[in-house]
Amino acid sequence: MSAEEIFAQRMRLGRLFDIYGGLLTAKQKQCLGLYFYDDLSLSEISEELGVSRQAVHDLLKRVEQLLERYEASLKVLSREEELHAKLQQAIDLLATPDEAKKDEAVQMLKELCSEGWLIEWHLKVYLKDYKMH
């Protein structure tokens, strides 16, 4: 895997953690928090948690798989990315001097609102308050 792919995967995992982190156990959250927010190495995390480096590695891999399963079921990140792309497209259309393009942008925004995109986008806020069992 290239450095760019590793970076992209790490960014994706961080975003999934931001969205679905409220669904994790306290230990899972602590470990990922040390990894992402404090930028600690596996060895540093193992010292902090009092476990082996291999245990930290295994926990991170299991949590990554769990977060990907949440995303496969709930699709909050993919919907957020799709919403972002549509909003960027509307912004680009609004930036043109062409009135027809601006009208198209307004129509896009109306459709997004009527489809409930903005409500779904905020779903991640509520996920942090609930635990899936």
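These exercises walk through the helices, salt bridges and surface of one predicted model.

Residues are numbered from 1 along each chain as its sequence is written, and side-chain values use heavy atoms, with hydrogens and water left out. Because the model is predicted, local features need pLDDT of at least 70 and side-chain atom pairs count only at pLDDT 80 or more, while totals for chains, interfaces and linings use all residues.

**Exercise 1. Compare the reach of helix α1 with its expected span, then list buried residues in α1.**

Step 1. Fix the terms. Helices (H or I, at least four residues) are DSSP runs, numbered from the N terminus. The expected span is 1.5 Å times one less than the number of residues.

Step 2. Take the helix. Helix α1 covers residues 3-20, which is 18 residues. From first C-alpha to last, α1 reaches 25 Å. The expected value is 26 Å, so the two are close.

Step 3. Look for cover. Buried means under 20% relative accessible area, exposed over 50%, and partly exposed in between (1.4 Å probe, protein chains only). In α1, the residues L13, G14, L16, F17, I19 and Y20 are buried.

**Exercise 2. Find the partner of R10 and say what the pair ties together.**

Step 1. Define the contact. A salt bridge is a side-chain nitrogen of Lys or Arg within 4 Å of a carboxyl oxygen of Asp or Glu. The structure holds six of them.

Step 2. Name the partner. R10 pairs with D39, and their closest N and O atoms are 3.1 Å apart. R10 sits in helix α1 and D39 in the loop between α2 and α3, so the bridge ties together parts 29 residues apart in sequence.

Step 3. Check exposure. R10 is partly exposed at 28%. D39 is exposed at 55%.

Step 4. Check the backbone. D39 is not a glycine, yet its phi is positive, about 55°. Most residues other than glycine have a negative phi.

**Exercise 3. Contrast the salt bridge R12 to E68 with the salt bridge K61 to E64.**

Step 1. Start with R12 and E68. Their closest N and O atoms are 2.9 Å apart. R12 lies in helix α1 and E68 in helix α4, so this pair ties together parts 56 residues apart in sequence. R12 is partly exposed at 27%, and E68 is partly exposed at 24%.

Step 2. Turn to K61 and E64. Their side chains meet at 3.6 Å, N to O. Both residues lie in helix α4, three residues apart, about one turn of the helix. An α-helix has 3.6 residues a turn, so residues three or four places apart point the same way.

Step 3. Compare cover. K61 is partly exposed at 43%, whereas E64 is buried at 15%.

Step 4. Add a network. Salt bridges also link R15, E80 and E81.

**Exercise 4. Place K75 and describe its phi.**

Step 1. K75 is found in the loop between α4 (53-74) and α5 (76-94).

Step 2. Phi of K75 is near 55°, a positive value in a residue other than glycine.

Step 3. K75 is partly exposed, with a relative accessible area of 38%.

**Exercise 5. Locate G33 and give its distance from G21.**

Step 1. G33 is in helix α2 (residues 26-36).

Step 2. G33 counts as buried, at 13% relative accessibility.

Step 3. G33 and G21 are 12 residues apart in sequence, and 9.5 Å apart in space, C-alpha to C-alpha.
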